[in-house]
Amino acid sequence: MTASTHWVCTPAAELDAAMGRAAAARQAQLTKPPGALGRLEEVALRLAAMQGRERPSVERVRICVFAADNGVVEEGVSAFPPSVTMQMVMNMAAGGAAISVLALALEADIELVNLGTATPMSPHPAVRDATIAPGSANLARGPAMTDAQCDQALAQGRAAALRAIDAGAELFIGGEMGIGNTTASAAVACALLEQPAAALVGPGTGLDSAGVKHKQRVVARALERHRRAAQATPPDAGRPAPAAVLASLGGFDVAALAGAYVACAQRRLPVLLDGFISSVAALVAVRLCPGAADWMLFSHASAEPGHALVLQALGGVPLLDLEMRLGEGSGAATAVPLLRLACRLHGDMATFAEAGVKGQAPLSAPQ
Ligand SMILES: O=C(O)c1ccc[n+]([C@@H]2O[C@H](COP(=O)([O-])O)[C@@H](O)[C@H]2O)c1
Ligand SMILES: Cc1cc2nc[nH]c2cc1C
């Protein structure tokens, strides 16, 4: 591990358990049968413990989309060409992408960070240029990133989280745009969860079943290459094993998301995870910094089949299942209104005493 990446091992902040209890006490007074608002209640209590406020709020949302290309696309693992990555970032900057529309509708801040596309991107005032390289290398044939590139991507994620905190964000959503990144994400998840390629590889942007089979073979080859390389090279004593997996099999966007999630957890900013790629990055974050798990909320179940296994490993049950599989942070953005409603209900409902409603304690059966 380079000195510049020691920060990923700094423990996450602790939740404010006392505030969680205070919020639970308030929730018990609200004019409803206990538990009747279901998981909206749990969300409000978790946010209270994260934000250290009895009445949490997620009005100020920061969405940060990390864009990067993936050299593994030369193996024919995506239904779309890599040029789409750059074109979609321009579309996001122009307001035409799904995440642009969602951010506007939610009045959320959106930041676009270019970590390196295969097709050169013209400078744009709405796109932060943080180019590391014109995409990662082909992970089926060699490491996707050098350790230095991986550390740079992690640091870009951290910098984005710190900017969100400086801007007063109450909730962080990380999104990504990168043709080929479901291959990189599946490879990272297979290595971390010790699963075969078939358990985590899916159609991504829309491969047919023959395409998925081919993609599985490519990931299996990458895992074998990674295994041999790890055996041949003694592990860098200072480098955490998950960071080595990330550099070998990941992508710049996955690394930046992982860095952002770790930094949010260290600085007390709640994170709302998105779909498959975001959740694999969250798995990396938790393996680097176990306490990061406390700061994560789960928005939706992606239609990408591998997502279920990653969610299971994270112990997360998503709020929504809308069969979305877009990425960009779009599933997380779609769940923001639910989080806002959970906070409003928790903060603004009357208590039994305020409303003069009797029967706060459940009636006991007559003796
Ligand atoms: O977030 C998800 O669950 C998700 C599932 C499938 C595809 N994607 C998006 O599709 C792109 C990657 O797909 P692919 O097939 O090129 O690996 C990338 O830009 C992702 O944002 C995203
Ligand atoms: C058009 C398009 C938009 C996307 N957004 C996220 N991933 C994407 C992949 C494609 C192909």
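Asparagine 70 counts as buried in this predicted model, because 31 C-beta neighbours lie inside 10 Å of this residue, where 20 or more are required for that class. The residue is located in the loop that lies between strand E1 (61-68) and helix H3 (83-94). When residues up to four places away in sequence are left out of account, asparagine 70 touches Gly135, Ser136, Gly178, Ile179, Gly180, Asn181, Thr183, Ala184 and Gly251. Isoleucine 165, by contrast, is separated from asparagine 70 by 95 residues in sequence and by 29 Å in space, taken from C-alpha to C-alpha.

The protein as a whole contains 14 helices and six strands, and its C-alpha trace spans about 70 × 45 × 45 Å along the principal axes. The radius of gyration of 21 Å agrees with that of a compact globule, because a chain of 367 residues in such a form would have a value near 21 Å. Buried residues account for 51% of the 367 residues, and, among contacts with a separation of 6 or more, 77% are made by residues 24 or more positions apart.

Strand E4 (171-177) is largely enclosed by the rest of the structure, since seven of its seven residues are buried. Leu171, Ile173, Gly175 and Met177 point one way from E4, whereas Phe172, Gly174 and Glu176 point the other way, and the residues of both sets are all buried. E4 runs parallel to E1, to which it is joined by seven bridges, with methionine 177 of E4 standing opposite alanine 67. A parallel pairing over two bridges also links E4 with strand E5 (residues 271-273), in which leucine 272 is the bridge partner of isoleucine 173.

Two ligand environments were examined. Around ligand 1 there are 24 residues, of which Ser78, Gly204, Gly275, Ser302 and Gly327 come nearest. This shell divides into seven nonpolar, 12 polar and five charged residues. Strand E4, helix H6 (181-193) and helix H11 (276-288) each supply at least two residues of the shell around ligand 1, and the largest share, three residues, comes from H6. The surroundings of ligand 2 consist of Phe80, Val84, Met88, Met177, Thr205, Leu326, Gly327 and Glu328, and by class this shell has five nonpolar, two polar and one charged residues. Gly327 is thus listed around ligand 2 and is also one of the residues that come nearest to ligand 1, while Met177, which is found around ligand 2, is the E4 residue that stands opposite alanine 67.

Notes. Residues numbered from 1 in each chain as written. Chains lettered and ligands numbered in written order. Predicted model: local features only at pLDDT ≥ 70, side-chain atom pairs only at ≥ 80, totals over all residues. Near = placed C-beta within 6 Å. Nonpolar A, V, L, I, M, F, W, Y, C, P; charged D, E, K, R; others polar. Helix = DSSP H or I, 4+ residues; strand = E, 2+ residues; numbered from the N terminus. Buried ≥ 20, exposed ≤ 12 C-beta atoms within 10 Å, placed from the backbone. Contact = placed C-beta atoms within 7 Å. Rg over C-alpha atoms; globule rule 2.2 N^0.38 Å. Pairing = 2+ DSSP bridges.
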